[in-house]
Amino acid sequence: MPWLMKNLIAAVALALMSTAAHAQEDAPEAPKWSLAIHGGAGTLSRTAMTPEQRAEYEAALQAALDAGAKVLAAGGDAMDAVKAAVIVMEDSPLFNAGKGAVFTWDGTNELDASIMDGRDRSAGAVAGVKTVRNPILLADKVRTDSEHVFLMGAGAEAFALEKGFAVTPPEYFATEARRRALERMKADKLSALDVDHKFGTVGAVALDMEGNLAAATSTGGMTGKRWGRVGDAPVIGAGTYADNRSCAVSATGWGEYFLRVGVAHEICARLRINQSLMVEGLLATLPSTEEYSGMTPEALEAFRAKASETVSSAWSAEAQTIADDVMAEVAQLGGDGGVILVTPQGDAIFSFNTSGMYRGRATSSGVREVAIFGGEEKASATPDH
Ligand code: ASP
């Protein structure tokens, strides 16, 4: 058993025992929600970014965060919250998703998106669509209104038409900055990383007041992509995953590496498995039931509340460690990028191995922050328990 988990079990067991000794009142848990968003990770430089550019990105991130937080604060669904946040970023030319997507080698914009509902692990995804303004909505339509999970290219567009999506002219997605990036890439024989310096994929993950998790990711891919290249963003388990039993994850980065590690599912699976090991460990450490036989119903209730609080706070550290470990695996293979995740306990977590990641988080505890470079956020974004 990893030492971290052993320590967690010991801490939880200790806390439980001391609570049993002085069982006291504990308020019932308040409803809580949590949201994290990203607008891509990359080799961002503080000096190369003007205060105006920074303000522009921060305002766009804030608008996306506000759109998702509004849904959750009103008691809405995690699925609606992630869609609301992603749509704002798809509509902004600043990010590599929807309007402002990067160009393919052939000078087109081809969009990928995926979405997953942690309640029932239903999922939808599309790749290589050229005429759908908000690919995240089409991915969701695949989830709710087809027998499939993943549609691509012309077929995905035919499905969109059939389901009443308006045809958006391809010019809508094109921006001058992205066109210049493709031209520079071709003229100077640069790689996508050299021209882009950052991955502008967008994503959102949420926990709603009902305790449901959701994840969504949308991208234009990487500049100069060809041969029908598809990255991790629309692949369930690589760029996006949500499971109420563990967490919701959205990724951004060099897609080929995220695909090879299966990043989003890997993080959720490790959390789920560690959690059950932790519970087993706890059961083995607890004193025998006879020792509790003298407890009043109130004392027992207080004991339970304390137990759940203790497990929750132990869980934040565990989730961050697991996300960091999986990102370290991506780095080990030679890839870079980052992830956002939320846990059923409401932790909103970032992990990235680039110098920056456009990101934000909001929780029912009043956390509302957007950040760009490493280490800019406050210490904790776990809602009060
Ligand atoms: N992960 C995306 C891809 O490989 C790129 C990004 O994150 O911007 O297509």
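**Exercise 1. Determine which residue of β8 stands opposite Tyr241, and describe how the strands around this pair are arranged.**

Solution. Tyr241 stands opposite Val249, a residue of β8, where strands are DSSP runs of E with at least two residues, helices are DSSP runs of H or I with at least four, and both are numbered from the N terminus. The model is a predicted one, in which local features need pLDDT of at least 70, side-chain atom pairs count only at pLDDT 80 or more, and totals for chains, interfaces and linings use all residues. Residues are numbered from 1 along each chain as its sequence is written, and side-chain values use heavy atoms, with hydrogens and water left out.

The next step is to widen the view to the two strands. β7 and β8 (residues 247-253) run antiparallel and are joined by 4 bridges, where pairing requires that DSSP finds at least two bridges between two strands. A further bridge partner in β8 is Cys247, which belongs to Asp243, and the two strands form a hairpin with 3 residues between them.

The side chains come next. In a regular strand they alternate between the two faces of the sheet. In β7, Thr240 and Ala242 point one way while Tyr241 and Asp243 point the other way, and all are buried, a term that means under 20% relative accessible area, with exposed meaning over 50% and partly exposed in between (1.4 Å probe, protein chains only).

Finally, the hairpin can be placed in its sheet, which is open, has 4 strands in the order β7-β8-β9-β10 and shows antiparallel pairing. Because β7 and β10 (348-352) each have a single partner strand, they stand at the edges, and one side of each is left without a neighbour in the sheet. From one strand to the next, the twist averages 10°.

**Exercise 2. Work out how α4 is packed against α3 and against α5, and what covers its buried residues.**

Solution. Begin with α3 (residues 78-91) and α4 (residues 135-145), whose axes come within 9 Å and cross at roughly 150°; such axes are lines fitted to C-alpha atoms, for helices over the stretch in contact, and the angles run from 0 to 180 degrees between N-to-C directions. The two helices are therefore roughly antiparallel, given that angles over 145 degrees count as roughly antiparallel, under 35 as roughly parallel, 65 to 115 as roughly perpendicular and the rest as oblique. On the α3 side the contact (heavy atoms within 4.5 Å) is made by Met79, Lys83, Val86, Ile87 and Glu90, and on the α4 side by Pro135, Ile136, Leu137, Asp140 and Arg143. These residues divide into 6 nonpolar, no polar and 4 charged, where Ala, Val, Leu, Ile, Met, Phe, Trp, Tyr, Cys and Pro count as nonpolar, Asp, Glu, Lys and Arg as charged, and the others, Gly among them, as polar.

Turn then to α5 (153-162). The axes of α4 and α5 are 11 Å apart, at an angle of about 75°, which makes α4 roughly perpendicular to α5. Here Leu138, Lys141, Val142 and Asp145 of α4 meet Ala156, Phe159 and Ala160 of α5, a set that divides into 5 nonpolar, no polar and 2 charged.

The last step is burial. Pro135, Ile136, Leu138, Ala139, Asp140, Val142 and Arg143 of α4 are buried, and what covers the buried residues of α4 includes α3, α5, β2 (111-117), β3 (122-129), β4 (150-152) and β6 (213-219).

**Exercise 3. Locate Thr201, say whether it is buried or exposed, and list the residues that surround it.**

Solution. An unreviewed UniProt entry lists Thr201 under "active site"; UniProt positions are given in the numbering used here, feature names are shortened, and annotations may be inferred rather than shown by experiment. In the model, Thr201 is found in the loop between α7 (192-196) and β5 (202-207), and Thr201 is buried, with a relative accessible area of 8%. When its neighbours within four places in sequence are left aside, Thr201 is in contact with His38, Gly39, Gly40, Asn96, Thr217, Ser218, Thr219, Ala251 and Thr252.
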